[in-house]
Every structure is written in C-alpha cells, then in structure tokens.
Amino acid sequence: PSDVVRFDMFEGEFTHDGDLCTFEVLLRASTRADDPALQAIAQVVHDLDLKDDRYQRPETAGIAALIHGIISRHADDERRLGEGATLLDALYASFTGGAA
C-alpha cells in the first residue's frame, strides 16, 4: 500500500542513519524534534537499540526490564505494541510532569 511508511527494515523510509537509531531519525524528521522529553526518550531507545551506552540515562535499565516483561507476558504483537505505547506515554509524562 502507498500509505505505509516502513521503518527499521531494509529499504525502509526510516532506519538507522550513521550512529543514530531509527527513533532518533524519526524524531529528527518530525515537527517535534526540539521536544526535550522526546529527546530523552530517543536517548533511552538509542541505548537499548544500539547497546552502546552512549547516553547512560538512569531510566534505561528500568525501561529495558519493563519491555522484557511485556515481551514475556504477550506473544501477540498487537498486545506488545499496545503495552509498549502505554509505557512510552508514561515515560513521556514523567519527563514533562504530566503534560501531553
């Protein structure tokens, strides 16, 4: 379908770029690239994805454990995505003091 945006895959519209993970590339291309909370989440995602400990944010280990828990609880990708989205929404709220 022409309305599908592929990411983090071969020949995807968005994927790793140099030393940036896909989330960082997506954020760079968005209208919210200057959002400090999204930048902090991008740093967490970077360290989880690339495993290079570049940013060493204190939240990273906890987020990794929660993601592992989501994966362990659900075999279904839709459930994993739903809980993962809720987790990231909560992380965003923690960085903004609750502002959406």
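# Exercises on a four-helix chain

**Warm-up.** Helix α3 has 14 residues, and its first and last C-alpha atoms are 20 Å apart, close to the 20 Å expected at 1.5 Å a residue. That expected span is 1.5 Å times one less than the number of residues. Helices (H or I, at least four residues) and strands (E, at least two) are DSSP runs, numbered from the N terminus. Before you go on, note that this is a predicted model, where local features need pLDDT of at least 70, side-chain atom pairs count only at pLDDT 80 or more, and totals for chains, interfaces and linings use all residues. Residues are numbered from 1 along each chain as its sequence is written, and side-chain values use heavy atoms, with hydrogens and water left out.

**Exercise 1. Take stock of the chain: how many helices and strands does the secondary structure come to, and what share of the residues is buried?**

Step 1. Count the elements: there are 4 helices and 0 strands. Read from the N terminus, the order is α-α-α-α.

Step 2. Look at burial. Buried means under 20% relative accessible area, exposed over 50%, and partly exposed in between (1.4 Å probe, protein chains only). By that yardstick, 23% of the 100 residues are buried.

Step 3. Turn to contacts, meaning heavy atoms within 4.5 Å. Of the contacts with a separation of 6 or more, 30% join residues 24 or more positions apart.

**Exercise 2. Work out which residues of α3 are buried, and which exposed residues its other face carries.**

Step 1. Pick out the buried ones: T60, I63 and I70. Looking down the axis of α3, these fall within an arc of 80 degrees, so they line one face of the helix. The arc is taken over the directions from the helix axis to the C-beta atoms.

Step 2. Here's the rule behind that: an α-helix has 3.6 residues a turn, so residues three or four places apart point the same way.

Step 3. Flip to the face turned away from the buried side, and you find A61, H68, S72 and R73 exposed.

Step 4. Ask what covers the buried residues of α3: the cover includes α2 and α4.

Step 5. Zoom in on I70, which counts as buried because its relative accessibility is 10%. Leaving out residues up to four places away in sequence, I70 touches R80, E83, G84 and L87. Take E83: I70 and E83 sit 13 residues apart in sequence, yet their C-alpha atoms are 6.9 Å apart.

**Exercise 3. Describe how α2 and α3 cross, and say which residues make the contact.**

Step 1. Get the geometry: the axes come within 10 Å and cross at roughly 65 degrees. Axes are lines fitted to C-alpha atoms, for helices over the stretch in contact, and angles run from 0 to 180 degrees between N-to-C directions.

Step 2. List the residues in the contact: V44, D47 and L48 come from α2, while T60, I63, A64 and I67 come from α3.

**Exercise 4. Check the span of α4, then find its buried face and its N-terminal cap.**

Step 1. Compare spans. At 1.5 Å a residue, the 20 residues of α4 (residues 77-96) should cover 28 Å, and the end C-alpha atoms are 28 Å apart, which agrees.

Step 2. Find the buried residues: L87, L91 and Y92. Down the axis of α4, the buried residues fall within an arc of 140 degrees, so they too line one face of the helix. They pack against α2 and α3.

Step 3. On the other side of α4, E78, T86 and D89 are exposed.

Step 4. Inspect the ends. D76 caps the N-terminal end, with a side-chain oxygen 3.1 Å from the backbone nitrogen of E78. Such a polar contact is a pair of N or O atoms within 3.5 Å; within protein, one must be able to donate a hydrogen and the other to accept it, and residues adjacent in sequence count only if both atoms are side-chain atoms. Just after α4, G97 takes a positive phi of about 75 degrees.

**Exercise 5. Which phi values do K51 and D53 take, and where does each residue lie?**

Step 1. Read the angles: phi is near 55 degrees for K51 and near 50 degrees for D53. Each is a positive value in a residue other than glycine.

Step 2. Place them. K51 is in the loop between α2 (36-50) and α3 (60-73), and D53 lies in the loop between α2 and α3.

Step 3. Check exposure: K51 counts as exposed because its relative accessibility is 66%.
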